[in-house]
Amino acid sequence: MSAKKVVVIGGGASGMIAAARAGEMGAKVVLLEKNKVLGRKISISGKGRCNVTNTADIKEFIENIPVNGQFLYSALSRFSSHNLMQLLLEQGVPVKIERGGRVFPVSDKAEDIVEALTKYIKNNGVEIRLEETALEVMIHNGEVRGIKTDKGFIDSSRIIITTGGKSYPGTGSTGDGFRWAEEIGHKVVPAKPALVPLNIRETWVKELQGLTLKNVEASIMDGDKVIKSEFGEMLFTHFGVSGPIILTLSRAVVDKARVPGRLKLSINLKPALDEETLDKRLQRDFQKYQRKQLRNSLDELMPKNLIAYVIDLSGIDPEKFVHQVTKEERRNLLKTITGLTMTIEGPRSLTEAIVTAGGVSLKEIDPRTMGSKLIRGLYFAGEVLDIDGYTGGYNLQAAFSTGFVAGENAALINK
Ligand SMILES: Cc1cc2nc3c(=O)[nH]c(=O)nc-3n(C[C@H](O)[C@H](O)[C@H](O)COP(=O)(O)OP(=O)(O)OC[C@H]3O[C@@H](n4cnc5c(N)ncnc54)[C@H](O)[C@@H]3O)c2cc1C
């Protein structure tokens with residue numbers, strides 16, 4: 001009997017769905033989770049709303065997984081975002097689609113996603129063992145034999161490792177799966193931060209903490225060269241910058257920022273206007289507010305908190321009246337508005353990254369089953385794999401698709 005048991009290590013997004021699917025396929029399943037609760041990271045995802053997936057078609061989906069996206073083709077075909085949305089609905093959690101195909105629970109409560117998955121698990125007879133930590137995966141003659149945990153030994157010939165990455169270790173993902181994979185003989189691509197906020201050198205940036213900029217274009221610059229640009233929303237913090245477009249741009253910084261301060265971040269506050277149109281707009285506003293001081297004349301153009309800094313960076317006396325501003329000063333102002341520049345010290349640490357880049361090398365994993373090509377009976381799914389996507393629901397869907405496929409196939413192999 002014990003040989004037919006599937007043990008899933010890690011009750012996060014990928015582990016929950018893997019366990020439920022293996023149970024649905026008729027296997028006897030044990031789900032190990034070291035926390036007191038399942039799905040802790042899901043609960044904090046999407047600022048507590050959980051951007052659970054994205055409606056992008058497979059091609060677009062893969063484009064949003066910048067490294068190794070192609071590996072997911074088979075898993076996404078087997079368990080797509082539509083399959084996930086249907087499954088959630090069946091468990092009593094309807095979803096809604098927002099800008100850019102981002103999918104959220106209608107309730108805007110990430111907890112509801114955890115509840116839906118827990119229901120799916122329980123409906124399929126999975127034994128959930130909370131507060132049990134897996135310590136070692138036992139292998140003999142190239143086959144899985146069982147797991148040592150802090151509570152004893154579990155005999156099993158099929159194990160799915162879904163322990164996540166190394167980011168936000170407080171949620172339980174402390175990189176255990178990376179360590180086991182290496183010990184077993186799998187190649188592990190070194191973990192590094194993906195989707196991570198950026199430290200900025202200038203004090204004025206930190207003074208703006210809490211300010212959100214919408215519809216701006218942010219560019220990573222190496223000298224005069226634009227490395228990567230993104231349009232959308234960003235946020236100032238006590239250490240620098242964060243928010244969706246910064247997280248997406250951070251990959252370029254992680255890859256390139258060997259020398260702190262070498263890369264710059266340039267923000268175009270008015271990307272929809274070309275220089276000539278913006279200049280005309282400035283002239284119009286200057287005409288309208290000619291009797292006002294400059295610092296009181298830019299409210300229609302940018303957030304109030306930003307005005308003093310933009311004027312300062314343009315080198316203009318903020319007490320000046322608008323009609324005293326010279327053509328050259330107006331040109332400097334325009335340059336600052338379209339290129340608010342700050343110095344990138346580097347990315348924040350891996351522990352603060354939304355997602356971990358790197359992980360178990362995909363060369364040794366079968367994309368159709370998530371099975372190890374080295375060890376019979378061993379499967380990997382979720383962030384423990386060397387896959388990471390942009391923001392927009394891609395990371396959770398990758399975890400769900402790979403988890404579903406791993407659960408299904410671990411239940412299927414004969415032994
Ligand atoms: C703040 C934040 C917000 C996010 N928002 C989004 C979002 O809106 N949309 C999106 O697509 N992605 C989002 N992500 C990313 C997404 O949450 C992860 O990519 C996804 O949860 C990975 O799932 P996983 O199952 O691989 O790992 P995890 O969800 O990290 O689960 C791993 C589980 O394994 C358990 N575990 C680890 N080691 C052991 C052990 N030795 N024994 C027993 N159990 C163990 C852990 O306790 C944990 O519960 C967000 C991430 C963060 C940090």
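## Helix packing, domains and ligand shell

Helix 10 crosses helix 12 in a right-handed sense; a crossing is right-handed if the near helix is turned clockwise from the far one by less than a right angle, and left-handed if anticlockwise. The model is predicted: local features need pLDDT of at least 70, side-chain atom pairs count only at pLDDT 80 or more, and totals for chains, interfaces and linings use all residues. Residues are numbered from 1 along each chain as its sequence is written.

**Exercise 1.** Classify the packing of helix 10 against helix 12 and list the residues in contact.

*Solution.*
- Step 1. Locate the helices: helix 10 covers residues 275-288 and helix 12 residues 327-338. Helices (H or I, at least four residues) and strands (E, at least two) are DSSP runs numbered from the N terminus.
- Step 2. The two axes come within 11 Å and cross at roughly 120 degrees. Axes are lines fitted to C-alpha atoms, for helices over the stretch in contact, and angles run from 0 to 180 degrees between N-to-C directions.
- Step 3. Helix 10 and helix 12 are therefore oblique. Angles under 35 degrees count as roughly parallel, over 145 as roughly antiparallel, 65 to 115 as roughly perpendicular and the rest as oblique.
- Step 4. Glu 275, Leu 278, Asp 279 and Leu 282 of helix 10 make the contact with Arg 330, Leu 333, Leu 334, Ile 337 and Thr 338 of helix 12. Contact requires C-beta atoms, placed from the backbone, within 7 Å.
- Step 5. The contact has 5 nonpolar, 1 polar and 3 charged residues. Ala, Val, Leu, Ile, Met, Phe, Trp, Tyr, Cys and Pro count as nonpolar, Asp, Glu, Lys and Arg as charged, and the others, Gly among them, as polar.

**Exercise 2.** Describe how helix 1 packs against helix 6 and against helix 13.

*Solution.*
- Step 1. Helix 1 and helix 6 (residues 110-123) pack at about 25 degrees, with axes 8 Å apart, and are therefore roughly parallel. Their crossing is left-handed.
- Step 2. Met 16, Ile 17, Ala 19 and Ala 20 of helix 1 meet Leu 117, Tyr 120 and Ile 121 of helix 6. This contact has 7 nonpolar, no polar and no charged residues.
- Step 3. For helix 1 and helix 13 the angle is about 30 degrees and the axes are 7 Å apart, which makes helix 1 roughly parallel to helix 13. This crossing is right-handed.

**Exercise 3.** Which elements supply the shell around the ligand?

*Solution.*
- Step 1. The ligand is surrounded by 40 residues, the closest being Gly 10, Gly 12, Gly 164, Gly 172 and Gly 382. A residue is near if its C-beta atom, placed from the backbone, lies within 6 Å.
- Step 2. Helix 1 (13-24), strand 2 (28-33), helix 2 (40-44) and helix 13 (394-412) each supply at least two shell residues.
- Step 3. By class, the shell has 13 nonpolar, 21 polar and 6 charged residues.

**Exercise 4.** Describe the two domains and their contact.

*Solution.*
- Step 1. Domain 1 is 2-193 + 358-412 and domain 2 is 197-348; the bounds come from an automatic or database domain assignment.
- Step 2. Their C-alpha centres lie 40 Å apart.
- Step 3. The contact takes 5 residues from domain 1 and 7 residues from domain 2. The domain 1 side has 3 nonpolar, 1 polar and 1 charged residues.

Technical notes:
Contact = placed C-beta atoms within 7 Å.
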